[in-house]
Amino acid sequence: MKLPILFFLLLSYLSNARPANIPSKITELKPKEWYAAKAIEWKKYLADHPADQESWTQYFIAAKYARGITKEIEEIKHQIINRFPDSFLAHYVDFQVNGWTDQGIKALEKALKIDDSKMISMEDQLTYGELSGKDRSTYSRQLFEAGMIHSSTLNYGYNLLMSVAEDGLLIMDGLHLTTPLWVLQDVMNIRKDIAILNLELASSQNVYTSKLLMENGFNGTVNDLLKGQSKEDVYYALTLPRELINQNEKNLYVVGLASTERTTPRNHFETLKNNIENRFLLDYLTIDFNGEPQTATGQVLSTNYVVPLLLLKDFYDDLSDGDRSNELTEQIKRLTYGTQMETRVAQLLNKNAATEPFKYVVLNIKEVDKKMKLIKGKLYASEQEVNNCDYWFFMEYLRTNGYTDLYEKFFQDLSSYDPITKSLMSNYHYTPVNFKELDAKSKKKNMLKYPAMDFTYEAALAFCKWMTDQYNGNEKRAFKKVLFRLPSQEEWTMAALGYRGFQSWKLEENTITVKSKEGKAPELQVSLSEHTISYPWGIKAWDFRNRINNKHNCYLANVKIGEKITCAAGIKGDGFSFTSPGTTYFANEMGLYDVVGNVAEMISDPGVAMGGSWDDTPEKSTITSSYRYEGSDIKVGMRLFMEVIEE
């Protein structure tokens, strides 16, 4: 009978064994369900050990991590205060419930006055040092030497700091994510130029927040920063809840483990590439020499690399760099293996799998280079909208080189038009027949100079990739490697404005030099935050910046107007009832034709085209006009933009 008795005694002992301590979130990150289960274990243990302060500490922490500040947490706090009045624990849980409010800070001060050696308060002492304006480094070193921060967490923090430009402001959420950054700055002197704003502190300490922003030269309130209403270099950690930045999310570019809108559109890819490939420390993602648990905070945070790596993979896909794309694919798979993201990421990788480069065909690359006009930096734009000559050649290439699926997918369907319109449209749309006819009959070749239209966004992307592959494979090219693509809205607008000396990719942030009237006139300095400009000719004739016609009442773009003769040259309306050949009207100061009117031009946002068309009124055909389209549209075409990757 002794064996069963011993068994039940052992079972009883194990059932009431002391649960494992709850690790700080700066050390490990567990699921909420885990913390909830631990809270139940500690509650049961306390039933037999009600006087054990450390057990109450663990119970309180587990419950707080599981549920946040709730009535249950308030009740646990009161139980602790009643049992252990005026103790370190009583004041500490009072601080935990009240947070970094003035009341909470007073409670923390009382706790630390009783005992400032407890490991549980080390993070809070560092934060307290930050708020009080004291030297943080003592607290940072204390926390670092305590071994609470895993190396993966420090590596992640290092890469996050390296995502931020010099003297930038980094906005963070959880203090357990911010504390390692302070340690890196204070103990290792890494990126001390960066100001770090923690939203948890900002919500409770207005004076501290205002002082931090003012001392680092940042204007506006925290709310302004979250809305993107600051002109400074503000960066948002990828861990921020999306609802905090949803008013500004569409303007943000991922540049590493943070995003920002203070970057040249599309140049964020170059920044992203440089950060990941040259500035980040990434070996720890592949090899763990420290035997860290999978729940180590840095290990859990590692899935945040997936977004920037996917974006960089897409960048290499556009360049048809299959080797680099495959390397990134394998890295992404390793990061998501066994996680909840694995299936979703696998679908994205399969959907966006790199395609083989298009077969090489002889193009007049010198002519292509000649037509590309510099916008700014390494970004160029074609002087004309993609015309029928270029697009129809692309379609013939697909038809005759075995790209049957793409050919059928991008074929322009005229079946929706009535017979009369269909007959007219056949001259403006590609078919194998009219391509051969127009190529053979010189008197009809003028049709090849009209802008291509009525093709899909997907077809435009394929055309860009085809041009990229053809250019990069041609020995006579001017640049070693380029990327043809659709522009962002900001890039398109500044290219359409045509002002060579623009300072910002945001139209309203520029000051431009203009002439007050057509011809010779004094130059004026004009801020576009105070004045509107609808058309690019306003640079040479500011008084006509919002007019579609000149002083002779002649129309300067192909838009929707009546055919009444008003122009001194005797032209009816703008001279065209439909689209017009490229170079019909004057180019802007950068050498770009038809930036307004003729066909609206696709941008990188799917379903959005800019500049208005032959079928839009002057008011809807400006350098800021946007048009929503679905599928293919008779009013929509495209202009090629070219980004130089390697000179």
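Biologist: Which residue of E15 stands opposite Leu379?

Modeller: Glu643 stands opposite Leu379. This is a predicted model, and the pairing is computed from its atoms.

Biologist: What makes E7 and E15 a pair of strands?

Modeller: Two strands pair if DSSP finds at least two bridges between them. E7 and E15 are joined by 3 bridges. That meets the cut-off, so they count as paired. They run antiparallel.

Biologist: How do you know that E6 pairs with E7?

Modeller: By the bridges again. There are 4 between E6 (residues 372-376) and E7, in antiparallel order. At one of the positions, Leu374 stands opposite Tyr380. The hairpin of E6 and E7 has 2 residues between the strands. Gly377 in this hairpin takes a positive phi near 60 degrees.

Biologist: Why are both faces of E7 called covered?

Modeller: In a regular strand the side chains alternate between the two faces of the sheet. For E7 (residues 379-382), one side holds Leu379 and Ala381, the other Tyr380 and Ser382. All four are buried. Buried means under 20% relative accessible area. Both faces are therefore covered.

Biologist: What joins E8 to E15?

Modeller: 5 bridges, and the strands run antiparallel. Arg485 has Phe641 of E15 as its bridge partner. E8 (residues 481-485) is mostly covered, with 4 of its 5 residues buried.

Biologist: Why do E13 and E14 count as edges of their sheet?

Modeller: Start with the order, which is E13-E12-E11-E14, an open sheet of 4 strands with mixed pairing. E13 (626-628) and E14 (636-637) each have a single partner strand, so one side of each has no neighbour in the sheet. The partner link of E13 to E12 (residues 608-610) is made of 3 antiparallel bridges. In that link, Val608 has Arg628 as its bridge partner.

Biologist: How do you know that the length of H9 agrees with a helix?

Modeller: Take 1.5 Å a residue. The 12 residues of H9 (residues 151-162) should then span 16 Å, and the end C-alpha atoms are 16 Å apart, which agrees.

Biologist: Why is H9 called mostly covered?

Modeller: Of its 12 residues, 11 are buried. Among them are Leu154, Tyr156, Leu160 and Met162.

Biologist: Which elements give two or more residues to the lining of the largest cavity?

Modeller: The largest cavity has 13 lining residues, with Tyr156, Leu160, Met172, Leu177 and Leu301 nearest its centre. H9, H10 (175-188) and H16 (297-301) are the elements that each give two or more residues to this lining.

Biologist: What makes it a cavity rather than a pocket?

Modeller: In a cavity a 1.4 Å probe fits but cannot get out, whereas a pocket is open. The count by this rule is 2 cavities of 30 Å³ or more. The largest holds about 80 Å³ of space. The second largest has about 40 Å³.

Biologist: How many charged residues are in each lining?

Modeller: The largest cavity has no charged residues in its lining, with 8 nonpolar and 5 polar. The lining of the second largest divides into 2 nonpolar, 4 polar and 3 charged. Glu385, Lys449 and Asp594 are among its lining residues. Asp, Glu, Lys and Arg count as charged, so these three belong to that class.

Biologist: What makes the phi of Arg191 worth a remark?

Modeller: Most residues other than glycine have a negative phi. Phi of Arg191 is near 50 degrees, a positive value. Arg191 sits in the loop between H10 and E2 (195-198). Ser320 also has a positive phi, near 60 degrees. Its loop lies between H17 (306-318) and H18.

Biologist: Why do Arg191 and Ser320 count as buried, and what is Gly322?

Modeller: The cut-off for buried is under 20%. Arg191 has 13% relative accessibility, so Arg191 counts as buried. Ser320 has 19%, so Ser320 is buried too. Gly322, in H18 (residues 322-336), has 28% and therefore counts as partly exposed. The C-alpha atoms of Gly322 and Leu131 are separated by 50 Å.

Biologist: How many helices and strands does the protein chain have?

Modeller: It has 26 helices and 15 strands. Buried residues make up 53% of its 647 residues. The C-alpha trace spans about 110 × 65 × 45 Å along its principal axes.

Note on methods
Residues numbered from 1 in each chain as written. Predicted model: local features only at pLDDT ≥ 70, side-chain atom pairs only at ≥ 80, totals over all residues. Heavy atoms only, no water. Expected span 1.5 Å × (residues − 1). Buried < 20%, exposed > 50% of the residue type's maximum accessible area, 1.4 Å probe, protein only. 1 Å grid on protein atoms, 1.4 Å probe; cavity = no way out; pocket = protein on both sides within 12 Å on 5 of 7 lines; lining within 4 Å. Points joined across faces, edges and corners; volume = space filled by probe spheres on them.
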